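Got a few minutes to walk through a fold together? Have the viewer open and keep the residue numbers handy.

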Amino acid sequence: MSVSIEVAQPLPGAAFGATVRLARSLAAEMPIGLPEALAQAGGLLLIPGMDEISRAPELLVRLSRQFGSEVEDYRHLLTGQHLVHEAQPEIYLVTNTVPGARPPPARPEPPLTADGLLPVQYPHRKGWHTDQSYRRPPPDISLFYAVTPADRTRGQTLFASGILAYEALPAHLKARVEALQGLHAQPGTGRGRKEALAGQTPRPFAPHERSQSQPVVRAHPVTGQRALYLCEYGQMDWFDGPFVGMQPGPHGDGAALLDELMSHYTQPRFVYAHEWSAGDLLVWDNRCLVHAATWYDAEKEQRLMWRTTVRGNPGAIYAGERRSWIPEAVAV
Ligand SMILES: [Fe+2]
């Protein structure tokens with residue numbers, strides 16, 4: 001490993017991930033070895049003390065480029081432009097400080113487990129997803145930086161390891177998911193489980209909004225490790241899915257299997273819960289883990305986080321595909 005970083009594995013209280021300390025500031029030198037550290041740590045790195053990014057946001061974009069050939073430009077992604085950083089269009093704002101921004105997720109019910117802990121396991125905890133899984137090819141890596149986090153006891157980000165969860169699957173479930181495809185839906189297209197349970201009729205899709213199938217088991221293109229690749233309520237298609245070729249809908253065989261898999265996936269033994277401090281940077285690999293946001297008090301707290309998304313190495317099964325989310329008229 002390069003001397004420009006120090007890596008301590010795993011993350012505190014978790015069975016995966018690593019904490020990384022940089023030998024020098026980003027402005028002085030871009031560190032060497034972070035992508036390798038990310039792969040060795042099962043897809044999650046915490047890099048604390050990166051406050052210089054708040055003063056020089058271009059450093060976050062430069063650092064993101066270490067992880068892949070393409071850092072998404074949010075001007076071109078049909079994203080509300082009020083949520084794009086004004087000077088760095090590769091930075092997406094996750095915040096309640098901008099009018100029209102998304103509020104934090106609701107608190108689980110009940111808000112704590114019977115042991116008084118933060119609920120993590122599905123379905124008590126909902127909102128587990130991997131970024132942009134409704135696109136083919138899906139993105140590789142996300143970077144998430146805390147400019148102004150909520151109080152440490154709120155607004156945590158939860159991660160569950162798809163590698164550990166896959167390894168621990170009972171043999172009969174491994175066999176069931178081996179060749180299975182999940183059908184992932186873009187939030188806002190009316191295909192979620194809530195809408196299906198309410199008996200709503202989803203609006204027609206524009207072609208570039210269509211739900212996309214993805215393998216439930218993905219082989220990581222760098223490490224070869226197999227990992228579960230799934231979402232749940234808001235980011236699967238509950239009208240035609242959640243699984244291709246299984247009984248569809250919120251009460252079908254597919255729903256029962258998804259509930260079983262997601263409950264397994266998000267067991268506390270596979271989860272890391274990050275409590276944020278200003279200047280923390282998390283780097284995660286969407287190809288092998290899921291994450292979930294948690295509640296904070298948006299009436300009293302102002303939270304500002306910056307996210308970038310890196311793509312370019314989704315794996316051989318996506319080779320040569322056109323991008324599903326780009327309307328035909330502008331695709332080249
Ligand atoms: Fe996310």
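Here's a quick briefing, going from the whole chain down to single residues.

Bear in mind that this is a predicted model. The chain has seven helices and 15 strands. Its radius of gyration is 19 Å, close to the 20 Å that the globule rule gives for 332 residues, so the chain is as compact as a globular protein of that length.

**Overall build**

- Measured out along the principal axes, the C-alpha atoms fill a box of roughly 55 × 50 × 45 Å.
- As for burial, 42% of the 332 residues count as buried.
- Take the contacts with a separation of 6 or more: 77% of them come from residues 24 or more positions apart.

**The nonpolar core**

- The largest nonpolar core has 74 residues.
- The residues with the most contacts inside that core are Leu44, Leu45, Tyr145, Ala160, Leu228, Tyr265 and Val283.
- Pick Leu44 if you want one to click on: leaving out residues up to four places away in sequence, Leu44 touches Leu11, Phe16, Gly17, Phe159, Tyr272, Trp284 and Leu289.

**Strand E6 and its partners**

- Strand E6 covers residues 141-148, and six of its eight residues are buried, so E6 is largely enclosed by the rest of the structure.
- E6 pairs with strand E13 (residues 281-285) in the antiparallel sense, over five bridges.
- Within that pairing, Tyr145 has Leu281 of E13 as its bridge partner; Tyr145 is also one of the core residues listed above.
- E6 also runs antiparallel to strand E15 (residues 304-311), joined to E15 by seven bridges.
- To find that pairing on screen, look for Thr148, which stands opposite Leu304 in E15.

**A three-stranded sheet**

- There is an open sheet of three strands in the order E12-E7-E14, and the pairing is antiparallel.
- Strand E12 (271-274) and strand E14 (289-293) are the edge strands, each pairing on one side only.
- Direction ignored, neighbouring strands of this sheet are turned by 20° against each other on average.
- Strand E7 (residues 157-161) is joined to E12 by four bridges, with the two running antiparallel.
- One residue pair to look up here is Thr157, which stands opposite His274 in E12.

**Two residues in the E5-E6 loop**

- Gln132 sits in the loop between strand E5 (92-95) and strand E6 (141-148), and Val98 also lies in the loop between E5 and E6.
- Are they buried or exposed? Gln132 has 21 C-beta neighbours inside 10 Å, and the cut-off for buried is 20 or more, so Gln132 counts as buried.
- Val98 has 13 other C-beta atoms within 10 Å, so Val98 comes out as partly exposed.
- Setting aside residues up to four places away in sequence, Gln132 touches Pro138, Pro139 and Thr309. Thr309 falls within E15 (residues 304-311).
- On the same basis, leaving out neighbours within four places, Val98 is in contact with His82, Leu83 and Leu93.
- For a sense of distance, Gln132 and Ala160 are 28 residues apart along the chain, and their C-alpha atoms are separated by 17 Å.
- Val98 and Glu72 are 26 residues apart in sequence, with 21 Å between them in space, C-alpha to C-alpha.

Notes:
Residues are numbered from 1 along each chain as its sequence is written. This is a predicted model: local features need pLDDT of at least 70, side-chain atom pairs count only at pLDDT 80 or more; totals for chains, interfaces and linings use all residues. The radius of gyration is taken over C-alpha atoms; the globule rule is 2.2 Å times the number of residues to the power 0.38. A residue is buried if 20 or more other C-beta atoms lie within 10 Å of its own, exposed if 12 or fewer, and partly exposed in between; C-beta atoms are placed from the backbone. Two residues are in contact if their C-beta atoms, placed from the backbone, lie within 7 Å. A nonpolar core is a set of buried Ala, Val, Leu, Ile, Met, Phe, Trp, Tyr and Cys residues joined through C-beta atoms within 7 Å. Two strands pair if DSSP finds at least two bridges between them. Axes are lines fitted to C-alpha atoms, for helices over the stretch in contact, and angles run from 0 to 180 degrees between N-to-C directions.
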